[in-house]
Amino acid sequence: MNQIEALRRLQGLGAPVFETRDASALLAVTPANANMILRRLADQGLMVHLARGRWLSARAISRFALPELISAPYPAYVSMQSALFLHGVIEQIPAVIYAATLGRPRRVATPMGIISFHRLPAALFSGFEVNDDGAKIATSEKALFDLLYLGPARSRLFARLPELEFPREFHWPQLRDYARSVKSLNRRKFIERRIDEIHRASKR
């Protein structure tokens with residue numbers, strides 16, 4: 001089967017992300033042959049190899065919609081520094097895409113960028129909006145809350161906050177509501193204290 005015909009069939013799947021075994025069944029070839037075809041298409045920029053056995057049609061999706069596709073079957077949304085940048089709260093462009101998920105924490109390198117997944121409890125998995133391109137993006141309040149919630153984590157990755165510039169419409173009561181939903185008393189007190197510090201600093 002030539003690559004043009006293979007690409008036409010793969011684009012007809014109707015799903016931006018698929019597995020090698022899906023391509024194997026669709027193209028009626030062995031998984032090894034399907035993998036070879038997909039790699040050749042990827043070399044031409046027509047497919048993106050997301051992870052082992054998982055592929056993305058290169059024209060199908062924005063990079064900020066990638067986290068949930070890669071984390072499937074667990075949901076995910078863009079948060080922390082990445083969402084804060086998109087909302088104009090921080091100026092520095094994050095080197096990776098930070099995402100909250102119900103799945104395991106991990107770091108995934110893709111041709112469209114590195115995605116850093118961080119696990120939240122199901123009770124705190126909220127506070128995001130869905131863009132027209134399908135990307136789930138945390139609100140600025142939830143992105144900051146997620147950053148504060150993950151601050152005490154063992155990795156210390158989020159222990160230091162970037163410089164923050166809050167827009168007039170930033171909703172401080174909403175941020176405090178998120179803090180009150182934390183079950184751990186120690187973690188909740190830590191977050192509430194950090195919110196007070198950040199709020200005071202924003203008024204200077």
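Let me start with one spot in this structure: the charged end of K142 sits over the ring of Y178, 5.8 Å from its centre. Before going on, I should say that this is a predicted model. There is another arrangement of this kind, where R106 lies over the face of F117 at 5.4 Å from the ring centre.

Now the chain as a whole. How many helices and strands does the chain have? It has 8 helices and 9 strands. Taken along the principal axes, the C-alpha atoms fill a box of roughly 65 × 30 × 25 Å. There are 204 residues in the chain, and buried residues make up 43% of them. The accessible surface comes to about 11400 Å². Carbon and sulfur atoms account for 49% of that surface.

On contacts, take those with a separation of 6 or more along the chain. Of these, 54% are between residues 24 or more positions apart.

On charge, the chain carries 30 positive and 18 negative side chains. The centres of the two sets lie 8 Å apart.

Next, the aromatic rings. A search of the whole structure finds 9 aromatic pairs. One to look at is F125 with F128: the ring centres are 5.8 Å apart and the planes are at 65 degrees, so the pair is edge-to-face. The cut-off behind that is simple: planes over 60 degrees apart count as edge-to-face. Ring pairs also bring in Y77, linking Y77, F125 and F128 into a cluster.

Are F125 and F128 buried or exposed? F125 has a relative accessibility of 15%, so F125 counts as buried. The limit for buried is under 20%. F128 has a relative accessible area of 27%, so F128 is partly exposed.

Last, one residue in a strand. Where is H118? H118 is in strand β7, which runs over residues 113-119. Why is H118 called buried? Because its relative accessible area is 12%, and that falls under the 20% limit.

Which residues is H118 in contact with, leaving aside its neighbours within four places in sequence? Before H118 in the numbering there are M80, Y98, A99, A100, T101 and P105. After H118 come L150, L157 and F158.

To go back over the places to find on the screen: K142 over the ring of Y178, R106 over the face of F117, the cluster of Y77, F125 and F128, and H118 in strand β7. That is all I have.

How values were computed
Residues are numbered from 1 along each chain as its sequence is written. This is a predicted model: local features need pLDDT of at least 70, side-chain atom pairs count only at pLDDT 80 or more; totals for chains, interfaces and linings use all residues. Side-chain values use heavy atoms; hydrogens and water are left out. Rings of Phe, Tyr and Trp (its six-membered ring) pair if their centres lie within 6.5 Å; planes under 30 degrees apart count as stacked, over 60 as edge-to-face and the rest as tilted. Buried means under 20% relative accessible area, exposed over 50%, partly exposed in between (1.4 Å probe, protein chains only). A charge sits over a ring if NZ of Lys or CZ of Arg is within 6 Å of the ring centre and within 35 degrees of the ring normal. Helices (H or I, at least four residues) and strands (E, at least two) are DSSP runs, numbered from the N terminus. Contact means heavy atoms within 4.5 Å. Accessible areas come from the Shrake-Rupley method with a 1.4 Å probe; for residues, only the protein chains shown count as cover. Lys and Arg count as positive and Asp and Glu as negative; His and the chain ends are not counted. The place of a charge is taken as NZ of Lys, CZ of Arg, CG of Asp or CD of Glu.
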